[in-house]
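This report goes through one protein chain, from its overall make-up to its cores and one of its sheets. Keep the sequence and the structure in view while reading.

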Amino acid sequence: MQVSSLNEVKIYSLSAGRSLPEWLSDRKKRALQKKDVDIRRRIELIQDFEMPTISTKIKVSRDGQYIMAVGTYKPRVRCFDTYQLSQKFERCLDSEVVTFEILSDDYSKIVFLQCGRFVEFHSQHGHYYKTRIPKFGRDFSYHYPSCDLYFIGASSEVYRLNLEQGRFLNSLQTEASESNVCDINPVHFLFAMGTAEGKVECWDPRTRNRVGLLDCALSSVTADTEIEGLPSISALKFDGALNMAVGTSTGQVLLYDLRSSNPLIVKDHHYGLPIKSIQFQHQLDLIISADSRIIKMWNKDTGKIFTSMEPEHDINDVCLYPNSGMLMTANEAPKMNIYYIPVLGPAPKWCSFLDNLTEELEENPESTVYDDYKFVTRKDLENLGLAHLIGSSLLRAYMHGFFMDIRLYHKAKMMANPFAYEEYRREKIRQKIEETRAQRVQLKKLPKVNKELALKLIEEEGEEQQFSKKRKQKNLPSLLKDDRFKVMFENPDFQVDEQSEEFRLLNPLVSKISEKRKRKLKILEELEAQGQEEEEEPEGKASDAESSESSDDEKGWVEEVRKQRKLLRQEEKLKRQERLKEDQQTLLKPQFFEIKEGEEFRSFKDSAKKQKLMKKTLEDRLKLEEKLGTLNVSDTTVGSKQATFKLKKSEQQRKQQEAEKLHRQERKTLRRSASHLKSRRGRGRLFH
């Protein structure tokens, strides 16, 4: 049994415990139970309370005597008798069960809604009748006063099947395209259904008319919630005559009063998973909501978390045993979980011994492997010298290895590695050393961008701090801590390119300046230590030393700049040679050119000139542009070059300009001729 505690609420997992391998025979299991005290003390509340692969739904009969569960594979239903603490019967079905309902107080009348649109009825002896609905069903509810079954699914209609008359009645026409869940109020028998559009439609079965519509999708979106897509209704449950809880596909639970269209409270699971089940616990006024990952219990008035549980496997359904603190889940695993929470209520009368046991239980972690067996691979067996046991009864093949007795494993390990204590001692010493290292001053991590620059700034900052302490001066702010220069050490666009021409030419100067600064700091420290700051001779010596050092630095800097320029020229020559080799290796292929609109083809000379120009290097082309006057190159103060270009006029632009000139000339001639004619006519009138 596993015990967990959250918010001082103890939860006892009755399904957890030491598990035995399935391949063990019953005789060996009984022998282990006799020898091992832990296996003997293991609590198996209901014998074989599991499914072959997974369980999908679980329910309790109204009299509380029978627990029924459905699962796969093969599709089946199992009924467990709580008075006998064992399985009563098992029935296999033709297809998987979507959901089921127990119509009677015991197991004598059951209805199954299956995947293939089938509705199957079972009586006490077994299969009774089977029918089919027009569309695929997702949920159904039973209306006790009229003996009607209401089926919803991938349709806008609600199909009604009357069990007293044995025939389908007129269906209810809704506004929804599809429906997911439905429920009937146990007090006034109001029928409610949750749609794929995030709405809840309420119908009166007496008049077969819709009496209300709730837009839960809009109400589930609050300032704190983040949703993706339209929330659909995935769970629905009535509580009394006036309260109703709605679960959405995005992980919200909304509590409504039927007299209001606004929710009383909205609870978010914060996992974004559809709500699978909603239950009400009336003793403590709690709501138990579950998605596939977690079961949460919270107060329905305040929304405060009471406790929560996270099973190992995904949850498919949750069932609360009535008037008790027992909770059962159907999961994506063969074993169905049983939890006992004493705070919620007492243990059921058929397992009242749990109240006495829980007082003496201690918190024991759940073991994930077989405690009496050790799993080893073939390589582990070779290291232990037990490879010859493969195929014998001492090893049991399982997946990619073998199971062997834990006592045999310990003996073989002691014989194969007699110096295990020495290894343990070395490991402990190493751990102690690591602890002492952790207590030391840890160096700050360098940024991802401009690491060398950051390291240089850190070194200079340390030197300046030492110097300022001696001088009793205030420290200047660091560039690394200044927000204005923060981007320089985070954005890769500000990375210093050490292979660029400008950096290689300026780098000797930067390195010499840093060396000069270090020498000055050393000289000042020596002068302070000797107390000779006020004397003249040492000052003169220091100035002479500085002048001689500065002259040496300038000479060295000039030499290094010359070296860098020589290297740059050599690299350019190598690049030119590589380009020429590539041009020689390339084979000439015929090319087709398309003439643009407005251009005339004159000759191949222009294209040949363009090809010759493109084959030339950038330097030759720039020189040619300088001669033509379309390029102007000038040096900057930093050492780089600045080039300005003048765009050439295209052939079409040149033709357009010529046409405009001709048009202007024609207009001028026309104006002159018109003025000449006017003057002649005026003279003729005077003569007349």
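## The chain as a whole

Of the 688 residues in the protein chain, 34% are buried. The model is a predicted one. Its protein chain holds 13 helices and 34 strands.

The protein chain has an accessible surface of about 46,600 Å², and carbon and sulfur atoms account for 50% of that surface. If we take contacts between residues at least 6 apart in sequence, 44% of them join residues at least 24 apart.

## Nonpolar cores

The largest nonpolar core consists of 24 residues. Leu45, Phe49, Ile58, Ile67, Met326, Met328 and Leu354 have the most contacts inside it. Two or more residues each come from strand 3 (54–60), strand 4 (66–72), strand 28 (326–331) and strand 29 (337–340). Strand 28 contributes the most, with 3 residues.

Which residues does Leu354 touch, leaving aside its neighbours within four places in sequence? Leu354 is in contact with Leu14, Leu45, Met326, Tyr340 and Ala347. A second core, separate from the largest one, has 15 residues, among them Ile295, Leu327, Tyr339 and Ile341.

## A sheet of four strands

Strands 3, 4, 5 and 6 form an open sheet in the order 3-4-5-6, and their pairing is antiparallel. Strand 3 and strand 6 (86–92) are at the edges and have a single partner strand each, so one side of each has no neighbour in the sheet. On average, neighbouring strands here are turned by 20° against each other, direction ignored.

Within this sheet, strand 4 pairs with strand 5 (residues 76–81) over 6 bridges. Tyr66 has Asp81 in strand 5 as its bridge partner.

Terms used
Residues numbered from 1 in each chain as written. Predicted model: local features only at pLDDT ≥ 70, side-chain atom pairs only at ≥ 80, totals over all residues. Heavy atoms only, no water. Core = buried A, V, L, I, M, F, W, Y, C linked by side-chain atoms within 4.5 Å. Buried < 20%, exposed > 50% of the residue type's maximum accessible area, 1.4 Å probe, protein only. Contact = heavy atoms within 4.5 Å. Areas by Shrake-Rupley, 256 points an atom, 1.4 Å probe, with all protein chains shown as cover. Pairing = 2+ DSSP bridges. Axes fitted to C-alpha atoms, helices over the stretch in contact; angles between N-to-C directions.
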